[in-house]
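Please look over the sequence and the 3D view below before reading on. The report that follows goes from the pairing of strands to the chain as a whole.

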Amino acid sequence: MAYLYQLYVVVDKPINDLQAEQMVDEMAEQAFSGNSFTEIVGAGISELDPAVCGKCCKCGAWTSDKDNPECVEGFSDGVFLDGKWWCDLCLPPEHPKRF
Ligand SMILES: [Zn+2]
């Protein structure tokens, strides 16, 4: 049996593609070198759209609205409410999406 693990990393500062690529290569080397059972088979970089994701205004966790087909995989579920992003753990208790 083999497994495909997906790892999501947010780089929360402006960097160019080359810097991002080098950062990912360094992280992968540190995390997966020294064994014969892991292999990196792909990687991708995409710019986060503030219209579909953001940091929770209360706890700072990255969140995206899972009801939106454009939502970001790997982020906690949340909503954009009153001009701010809220994760499902921090939403007001009366909100239907509150976890
Ligand atoms: Zn939160």
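Two strands are said to pair if DSSP finds at least two bridges between them. Strands of a sheet pair through backbone hydrogen bonds, either parallel or antiparallel. In this predicted model, strand 3, which covers residues 76-81, pairs with strand 4 in the antiparallel sense over four bridges. One residue pair can be named here, since the bridge partner of Phe80 in strand 4 is Trp85.

These strands belong to an open sheet of four strands, which are arranged in the order 1-2-3-4 with mixed pairing. Strand 1 (53-55) and strand 4 (84-87) stand at the edges with a single partner strand each, so one side of each is left without a neighbour in the sheet. On average, and with direction ignored, neighbouring strands of this sheet are turned by 45° against each other.

Seen as a whole, the chain holds one helix and four strands, and from the N terminus on its elements run α-β-β-β-β. Its radius of gyration is 17 Å, well over the 13 Å that the globule rule gives for 99 residues, so the chain is more spread out than a compact globule. Along its principal axes, the C-alpha trace spans about 50 × 35 × 25 Å, and buried residues make up 13% of the 99 residues.

The chain is divided into two domains, listed here.

| Domain | Residues |
|---|---|
| Domain 1 | residues 1-47 |
| Domain 2 | residues 48-99 |

The centres of domain 1 and domain 2, taken over C-alpha atoms, are separated by 25 Å. Among the contacts in the chain with a separation of 6 or more, 28% are between residues 24 or more positions apart.

Methods: Residues numbered from 1 in each chain as written. Predicted model: local features only at pLDDT ≥ 70, side-chain atom pairs only at ≥ 80, totals over all residues. Domains from an automatic or database assignment. Helix = DSSP H or I, 4+ residues; strand = E, 2+ residues; numbered from the N terminus. Axes fitted to C-alpha atoms, helices over the stretch in contact; angles between N-to-C directions. Rg over C-alpha atoms; globule rule 2.2 N^0.38 Å. Buried ≥ 20, exposed ≤ 12 C-beta atoms within 10 Å, placed from the backbone. Contact = placed C-beta atoms within 7 Å.
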